[in-house]
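Visitor: Could you take me through how some helices and aromatic rings come together here?
Guide: Let us look at the model first and then reason step by step.

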Amino acid sequence: MKTDRPATHASQWPDIRNNEYYVGGKPLTRHAAVVGRTPFYAYDRGLIRQRIDTLRQQLPKGIKLHYAIKANPMPALVDFVTPLVDGLDVASKGEMRIALDAGMEESEISFAGPGKNQEEIVSAVAAGIVVTAESFLQVEQIAKAARSLNLKARLALRLNPSFELKASGMKMTGGAKPFGIDSECFADLIEYVRAQGLEPEGLHLFTGSQNLNPQALCEALQGVTDLCCQLVPAHNLDLRFINMGGGFGIPYFPGEPVLDLAPVMATLGEIQSTVHKLTPQTAIALEFGRYIVGEAGIYVSRVIDKKCSRGTTYLVTDGGLHHHLANSGNFGQVIRKNYPVQLGNRVEGNKTEVVTVVGPLCTPLDILAERVELPEAQIGDLVVVRQSGAYGLSASPTAFLSHPLAAEILV
Ligand SMILES: *Cc1c(COP(=O)(O)O)cnc(C)c1O
């Protein structure tokens with residue numbers, strides 16, 4: 001049997017009492033009893049609020065803080081986040097509905113996405129939200145919607161600059177990309193926009209996701225700023241906002257650091273004053289998804305079987321990749337690594353064992369954790385996957401194998 005100790009994770013769940021996870025100030029076993037079944041996701045309001053407070057304290061004054069709903073679209077969660085942020089970024093008509101229902105001011109909702117059909121664009125223009133054009137055709141469709149509704153469209157232009165966000169989990173700019181319009185085409189683009197009787201009120205540049213390298217984030221933000229500061233005077237742009245993206249990452253895997261905010265905030269301070277000097281009416285916005293909600297959520301399943309196969313001990317749970325694809329390693333990772341996993345009702349134990357935790361699906365891909373050291377588990381114990389507040393249930397193939405949907409609670 002392999003007995004070398006598995007690697008450890010950077011962060012701990014912040015509220016553990018009597019050897020048990022507490023979420024929203026209450027023990028996990030009680031939440032499980034309230035839900036009445038496993039698996040479920042639990043999101044902690046206090047931790048979400050703490051994260052937003054931290055960003056608010058450290059962001060230079062005047063920089064707007066947006067939440068990207070794609071990370072976690074649970075309506076109750078979006079309702080909770082809405083009064084705490086300055087804007088919501090949506091990427092579908094469904095997300096637009098959630099943002100409107102949450103009561104965010106229409107002018108502070110923006111709709112991005114490389115594919116929008118005419119019907120979605122008409123809805124967005126009718127709703128009065130900012131529609132982010134990502135192609136020449138989208139510009140034309142927005143103009144057409146505005147004419148047919150006899151409304152002024154709120155237009156933003158999404159650009160694909162020539163540089164990328166280095167060291168990022170997912171790069172969204174640089175080279176050929178389906179997102180936005182290549183920045184070198186800007187002269188043609190703005191001419192086209194104006195010929196349609198439109199004027200952009202914002203620019204949107206989103207360089208990438210899941211970045212833990214402050215230097216790389218600073219370089220990308222600086223690159224975005226340089227580009228915008230060139231375009232604004234060259235094309236006489238009168239912008240209400242520049243959305244510079246975000247990309248702030250959280251530590252998922254053993255050995256990953258916590259993002260050091262200080263250098264990024266220092267760069268943002270300089271950027272803020274550069275932009276202010278050039279175009280004082282233009283606000284800088286940043287959009288955060290996983291950084292706000294990722295560490296505030298856990299995925300909870302129950303051990304329903306335990307068995308040994310040729311030296312490997314398996315814990316079989318009732319939860320798996322149909323609810324949490326990213327944790328299984330099948331949502332963009334190149335090499336599968338473990339998210340932080342613990343027993344929620346038995347955090348420490350006198351006797352530990354190295355186990356592989358799997359789900360109930362008939363596929364070898366359904367892994368919750370590979371070779372982790374846990375207290376000796378019993379049938380009925382709760383397995384907790386941390387860092388699960390973003391890209392969890394809504395990013396999973398819930399129909400695969402026709403198991404019941406996971407519940408979600410906000411506590
Ligand atoms: C996905 C996405 C985000 C959120 O990314 P995170 O890594 O969760 O912060 C923000 N903006 C756009 C345009 C996106 O596509």
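What follows is a conversation about helix packing and aromatic pairs in this predicted model.

Visitor: What is the relative orientation of α6 and α7?
Guide: Helix α6 covers residues 136–149 and helix α7 covers residues 186–195, and they pack with their axes 10 Å apart at an angle of about 15°. Angles under 35 degrees count as roughly parallel. The two helices, α6 and α7, are therefore roughly parallel to each other.

Visitor: How do the residues of the contact of α6 with α7 divide into nonpolar, polar and charged?
Guide: On the α6 side the contact is made by Phe-136, Val-139 and Glu-140, and on the α7 side by Asp-188, Leu-189, Tyr-192 and Val-193. Sorted by class, the residues of this contact between α6 and α7 are five nonpolar, no polar and two charged.

Visitor: Which hand does the crossing of α4 and α5 have?
Guide: The axes of helix α4 (residues 93–101) and helix α5 (residues 118–127) come within 10 Å and cross at roughly 20°, and α4 and α5 are therefore roughly parallel to each other. Whereas the crossing of α6 and α7 is right-handed, that of α4 and α5 is left-handed.

Visitor: Which residues in α5 do Lys-93, Met-96 and Leu-100 in α4 meet?
Guide: By class, the contact of α4 with α5 has four nonpolar, one polar and three charged residues. The partners that α5 offers to Lys-93, Met-96 and Leu-100 of α4 are Glu-119, Glu-120, Ser-123, Ala-124 and Ala-127.

Visitor: How many residues apart in sequence are the parts that the pair of Tyr-41 and Tyr-299 ties together?
Guide: The rings of Tyr-41 and Tyr-299 form a tilted aromatic pair, 4.8 Å centre to centre with 40° between the planes, and both residues are buried. Tyr-41 and Tyr-299 also form one aromatic cluster with Tyr-43. Because Tyr-41 lies in strand β4 (residues 40–43) and Tyr-299 in strand β16 (residues 297–309), the parts tied together by the pair are apart in sequence by 258 residues.

Visitor: Are Tyr-252 and Tyr-339 stacked, edge-to-face or tilted, and what makes the pair so?
Guide: Tyr-252 lies in the loop between β14 (241–246) and α9 (261–278), while Tyr-339 lies in the loop between α11 (325–328) and β18 (341–343). Tyr-252 is buried, and so is Tyr-339. Their ring centres are 4.9 Å apart and their planes stand at 45°, so the pair of Tyr-252 and Tyr-339 is tilted.

Terms used:
Residues numbered from 1 in each chain as written. Predicted model: local features only at pLDDT ≥ 70, side-chain atom pairs only at ≥ 80, totals over all residues. Heavy atoms only, no water. Axes fitted to C-alpha atoms, helices over the stretch in contact; angles between N-to-C directions. Helix = DSSP H or I, 4+ residues; strand = E, 2+ residues; numbered from the N terminus. Parallel < 35°, antiparallel > 145°, perpendicular 65-115°, else oblique. Left-handed = near helix turned anticlockwise from the far one by under 90°. Contact = heavy atoms within 4.5 Å. Nonpolar A, V, L, I, M, F, W, Y, C, P; charged D, E, K, R; others polar. Phe/Tyr/Trp six-rings, centres within 6.5 Å; stacked < 30°, edge-to-face > 60°. Buried < 20%, exposed > 50% of the residue type's maximum accessible area, 1.4 Å probe, protein only.
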